[in-house]
Amino acid sequence: MSLKAKLVSTVAAFLMVLALMVVGVFAATSGSIQMGGSLTFNATDVVGRVDLATVGNSGGEITKTTEDFDATDDSVDFSWTTGEGEAIDLVFSEGTDITVNITVTNNASDRPMYVTFGSVEPSITDPVNVDVKAITYGGTPGTPVTLDNAVEVEYGTPVVFSFTFSVQNDNLGASGSWSLNMSLSNENPNA
């Protein structure tokens, strides 16, 4: 084989390997999870605000907030949904989890606020290829939430509660719907 033929075949092989690598990288960079969810809470004689935000959502971070509520509000609900209306998807980059942060702020200077949860992690209805880690608070790695311990939120010192979604296999689709219930009160229900 001549030197010219060897050079042409080597260049062609190199270009083919390069093309396969580019196609492979674009095919495996992210997967979409169609996952709606809701956070419901009861507020009893408290003044404050609740904010929800995601970290790690490559489809665009999600933020939701209540307006400031006062002691006359019985319950406040907000949710994120997929499909009709407000379409919000969690989009995982390969190997990256998505964390949901719930910030509870006490705006009453004359009394503390106590936060309790109905479960130690959000429940997922019909989960496919998705896991959730238990709720923590107080930073990283955080203190796990327990059902028999109310977390105190002092005036001027918001507390951030976090939980993390992860996919079990990056090569498969994932779906589900999560829900979480918490209570806010001016009295410690576990005292």
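**Close-up views of a predicted model**

**View 1. Strand E14 and its antiparallel pairing with strands E7 and E8**. In this predicted model, strand E7 (residues 113–117) runs antiparallel to strand E14 (residues 174–185), and the two are joined over four bridges. Within this pairing, Phe117 has Met182 of E14 as its bridge partner. Strand E8 (residues 123–128) also pairs with E14 in the antiparallel sense, again over four bridges, and here Ile124 is matched with Trp178 of E14.

**View 2. The surroundings of Asn106 in strand E6**. Asn106 belongs to strand E6 and has a relative accessible area of 2%, so the residue counts as buried, the limit being under 20%. A polar atom of the Asn106 side chain lies 2.9 Å from the backbone nitrogen of Ala108, while the backbone oxygen of Arg111 is reached by the side chain of Asn106 at 3.0 Å. Beyond its neighbours within four places in sequence, Asn106 is in contact with Val47, Arg111, Pro112, Met113, Val153, Glu154, Tyr155 and Gly156.

**View 3. The largest pocket and its lining**. The largest pocket has a volume of about 190 Å³, and among the 14 residues that line it, Thr136, Gly139, Thr140, Pro141 and Ser162 are the closest to its centre. At least two lining residues come from each of strand E6 (98–106), strand E10 (136–137) and strand E13 (159–167), with E13 giving the most, namely four residues. By residue class, the lining of this pocket comprises five nonpolar residues, eight polar residues and one charged residue.

Methods: Residues numbered from 1 in each chain as written. Predicted model: local features only at pLDDT ≥ 70, side-chain atom pairs only at ≥ 80, totals over all residues. Heavy atoms only, no water. 1 Å grid on protein atoms, 1.4 Å probe; cavity = no way out; pocket = protein on both sides within 12 Å on 5 of 7 lines; lining within 4 Å. Points joined across faces, edges and corners; volume = space filled by probe spheres on them. Nonpolar A, V, L, I, M, F, W, Y, C, P; charged D, E, K, R; others polar. Pairing = 2+ DSSP bridges. Buried < 20%, exposed > 50% of the residue type's maximum accessible area, 1.4 Å probe, protein only. Polar contact = N/O pair within 3.5 Å; in protein donor to acceptor, adjacent residues only side chain to side chain. Contact = heavy atoms within 4.5 Å.
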